[in-house]
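Dear colleague,

I am passing a structure on to you, and I would be glad if you would look through it with the notes that follow.

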Amino acid sequence: MSEHSEDELLTFLEDDVDSQTGHLSNKSDPWRVLSVDDDEDVHVTTQLALDRVEILGKPVELLKAYTAEEALDVLGKEKGIAVVLLDVVMEDDHAGLDIVDKIRNELGLVDLRIVLRTGQPGYAPELEAIRDYDINDYRNKSELTHTKLYTTLTSVIRSYSQIRALEASRKGLELITQSSGKLINSKGFDEFSLGIIKQLSELLGLSDDGIVCTRTSSDDADIGMGYTIVAASGRYRSAINKPLNELQQPTVMQALKNCIEQQQNLLLDNAIVLYFSGQSGNDLVAFLDQTRKLDDTEKRLLDVFCSNISVCLNNVLMLSKLHHYAYFDSLLDIPNRLAFVNRIDEYKSKGIDASVVLVDVDQFSAINDTIGITNGDFLLGAVALRLGEVLDDSFVARISGDVFGLVGEREALTPDTVRGIFYSPFSIADQEQLISVTLGMYDLDEKVESGQEALKKANIALKKAKESLRGSHCYFTRAMEMETETRVRLLHNLRKAFDHDRLFMVYQPQVTVPDGRPVGVEALLRWRTEKGEMVPPDRFIPLAESSGLIIHLGEWVLRTAMLQLQRLQSQTSFKLRMGINVSMAQFRHPEFLNVLDRAIAETGVDPHDIELEVTESVAMIDRVAVSKTLSSIAKRGIKIAIDDFGTGFSSLSYLERLEVHRLKIDKSFIDKLQGDSADPRLPEMIVNLAKDLDLDVIAEGVETEEQAAWLKRINCDEAQGYLYARPLEETWLLEWLREQEQRLA
Ligand code: C2E
Ligand code: CA
Ligand code: CA
């Protein structure tokens with residue numbers, strides 16, 4: 001109730017009652033007056049006096065009772081008695097007042113007006129009785145002549161109808177408040193609209209045959225154009241979702257159009273048409289069959305209801321907007337992750353055999369780098385659009401950056417259908433852009449599970465698919481889930497191990513190829529569990545990377561390796577450098593350069609003796625940022641080696657522009673320098689490339705003399721591998737260095 005206070009409302013209702021017409025029952029309904037007297041003569045005179053008399057525009061109907069008992073009986077059975085003319089002294093002195101007590105307290109008839117009559121002049125009830133029992137008048141029988149009776153009755157009937165009107169409006173207001181409350185709780189616009197019909201029909205005691213329409217497009221060539229029926233019930237039910245212009249009932253359509261045009265409520269002979277103004281042209285028009293004539297009080301209440309509902313309407317519009325923000329992706333204007341999870345829940349509760357598919361656009365960040373962010377956004381929009389068009393029975397949402405979610409019936413969502421959607425290119429900025437997608441699939445099963453869980457499972461499958469092969473698909477399996485659980489446990493243990501100093505470094509020597517002279521070491525991280533088992537870094541490094549733990553861990557590695565280098569240099573005659581692995585997450589971290597500077601400053605190491613190893617893939621992402629970081633590192637005198645070189649997709653022209661110092665030929669190529677079918681082509685190419693670009697080169701994973709011989713032949717200067725030394729702890733490393741000193745002496 002924000003627009004009309006209750007006081008205001010009561011005021012106009014009172015005005016209304018005074019203005020002759022405002023009454024609760026129909027015009028023809030007479031006022032019912034009960035005359036209670038043991039004297040038949042009194043009844044006769046009263047009847048005569050009221051014959052053909054109209055009070056406040058309506059005739060009077062007289063009912064008779066001769067005893068107190070009979071009077072109470074009539075009052076209990078008959079409805080709508082307005083006045084009792086009561087003989088005070090009947091059977092005994094108190095009979096009259098006893099009835100009054102019973103009327104008020106036992107029958108609870110508080111609206112009923114009571115006029116006491118007595119035959120004995122001078123006899124009057126106590127003042128308290130008059131007040132306590134709400135007795136409205138006290139008259140001597142002789143006074144109740146024709147005119148006197150008329151004026152007395154007119155005044156009490158007026159007050160009776162006022163009381164009734166107030167009561168009705170109070171109830172009406174209560175109902176309005178209640179129904180607004182129910183409406184405001186509606187989940188969305190449609191529910192709200194249907195709620196208007198339901199609440200109105202309940203409020204006014206009408207049938208629920210009704211229609212609500214609202215403007216759904218800005219087409220206003222004609223009155224009512226652009227309006228759609230958003231709620232329909234009762235005999236209009238079939239009209240739901242139709243444009244107003246296609247409504248089958250021409251008179252109803254016309255009435256609604258008139259209401260839209262006039263922007264006000266129309267009370268027709270057999271219909272009520274209501275206008276609710278909403279913000280920014282979102283007005284709402286309701287049509288309701290008027291199966292019963294409304295009186296003026298009800299009409300007034302209707303006005304209050306409408307203005308009240310307009311307020312609610314704006315709230316609902318606001319809520320719908322909030323709802324939109326909460327459940328829609330603002331960039332692509334399609335449902336978001338939250339909406340997706342809810343939709344899975346719906347499929348679940350309907351028991352439909354549904355599949356959940358996550359669609360990940362392959363290499364999207366590289367595409368973004370190439371075509372620019374704006375076009376990247378266009379591409380995502382085009383993908384969303386095409387998914388929605390082709391899979392028109394499935395639900396399409398954006399889950400995150402370049403990942404879309406699909407949920408729909410199982411047959412519609414096979415890997416082939418979904419992948420097939422991307423066989424033809426997208427046209428972005430007049431260019432054809434071909435993309436591939438990787439799919440994570442999950443079939444909802446009977447076990448009760450939330451949309452959230454289903455999404456998690458599809459995501460596990462997606463990760464698996466991405467790990468195995470871009471462009472592939474994977475269905476979720478229980479084994480994957482267990483693997484995920486294992487990873488979670490492993491990560492937990494890794495954190496503990498880090499906190500409890502169970503991580504340590506080993507160092508693998510790097511040597512010159514012709515004579516095996518040590519030139520450096522590569523720092524490699526090790527984890528020994530409480531039980532003494534070794535967990536290989538290939539297992540825990542990716543985990544540390546994906547969890548962000550690598551940031552702390554990497555900093556610790558930097559310092560430890562630098563301190564180690566300081567100790568080594570004081571204990572050996574070889575001039576050694578320290579190779580330190582840096583993963584992508586570390587390298588891209590905004591604090592990385594600061595971390596590096598701090599480590600150098602605090603360990604006092606010469607930056608020229610440090611070589612950071614980054615993989616080819618690190619060098620290839622986000623080219624602008626990477627080349628900036630690389631030159632900042634180079635400026636400090638620190639060297640950069642490209643690790644696992646040859647396994648990625650480096651573009652040579654790009655590589656040429658980067659500030660790198662060394663290529664590390666990946667072990668897989670060195671493995672092939674073996675036996676009769678030895679293939680030196682790739683390592684040789686890399687060596688020549690390095691020479692051309694004026695870069696140093698080192699071969700990794702050298703295990704045999706045969707491989708070493710090949711390296712000599714192709715002029716690879718340096719090598720690292722089990723042939724020379726395994727990764728060693730400090731003590732063993734120092735011993736190995738001493739051996740080499742002796743050997744080379
Ligand atoms: P990587 O940087 O390519 O390291 C070389 C890996 O090859 C090491 O495995 C090393 O032990 C192994 N290796 C060296 N010579 C031979 C050989 O002759 N034969 C064979 N079969 N293997 C050889 P490791 O220590 O298990 O490390 C695996 C990967 O873990 C590393 O590959 C690196 O990517 C990562 N890693 C290790 N330590 C760190 C670290 O401190 N920080 C970061 N970010 N990554 C690390
Ligand atoms: Ca390495
Ligand atoms: Ca490597």
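**Ligand 1 and the two calcium ions**

In this predicted model, an N or O atom in the side chain of D643 is 3.0 Å from an oxygen atom of ligand 1. Of the 790 Å² of accessible area that ligand 1 has on its own, the protein covers 83%.

Two further polar contacts can be followed from the same ligand. A polar side-chain atom of E522 lies 3.1 Å from an oxygen atom of ligand 1, while a nitrogen atom of ligand 1 has a backbone N or O atom of L525 at 3.0 Å.

If you then turn to the surroundings of ligand 1, you will find 22 residues around it, of which Q508, R526, D643, E703 and Y722 come nearest. Sorted by class, this shell holds 8 nonpolar, 6 polar and 8 charged residues. Strand β22 (518-528), helix α16 (537-547) and strand β26 each supply at least two residues of the shell, and the largest share, 4 residues, comes from β22.

Which residues coordinate the calcium ion (ligand 2)? They are E522, through OE, N581, through OD1, E613, through OE, and D643, through OD, at 2.1 to 2.3 Å. Read along the sequence, these donor residues are spaced E-x58-N-x31-E-x29-D. Within this set, E613 and D643 link distant parts of the chain, since E613 sits in strand β25 (residues 610-615) and D643 in strand β26 (residues 639-645), 30 residues apart.

The calcium ion (ligand 3) is coordinated by D643 (OD), by D644 (OD) and by E700, which is listed twice with OE, at 2.2 to 2.4 Å. Along the chain, the donors of this ion follow the spacing D-D-x55-E.

How far apart are the calcium ion (ligand 2) and the calcium ion (ligand 3)? They are 4.1 Å apart, and D643 coordinates both, so that this residue, as a bridge between the ions, deserves a careful look alongside its contact with ligand 1.

Is D643 buried or exposed? D643 counts as buried because its relative accessible area is 7%, and buried means under 20%. D644, in contrast, is partly exposed, because its relative accessible area of 26% falls between the limits of 20% and 50%. E613, which shares the calcium ion (ligand 2) with D643, is buried as well.

With best wishes

Note on methods. Residues numbered from 1 in each chain as written. Chains lettered and ligands numbered in written order. Predicted model: local features only at pLDDT ≥ 70, side-chain atom pairs only at ≥ 80, totals over all residues. Heavy atoms only, no water. Donors = N, O, S within 2.8 Å, 3.2 Å for Na, K, Ca; no water. Buried < 20%, exposed > 50% of the residue type's maximum accessible area, 1.4 Å probe, protein only. Near = heavy atom within 4 Å. Polar contact = N/O pair within 3.5 Å; in protein donor to acceptor, adjacent residues only side chain to side chain. Areas by Shrake-Rupley, 256 points an atom, 1.4 Å probe, with all protein chains shown as cover. Nonpolar A, V, L, I, M, F, W, Y, C, P; charged D, E, K, R; others polar.
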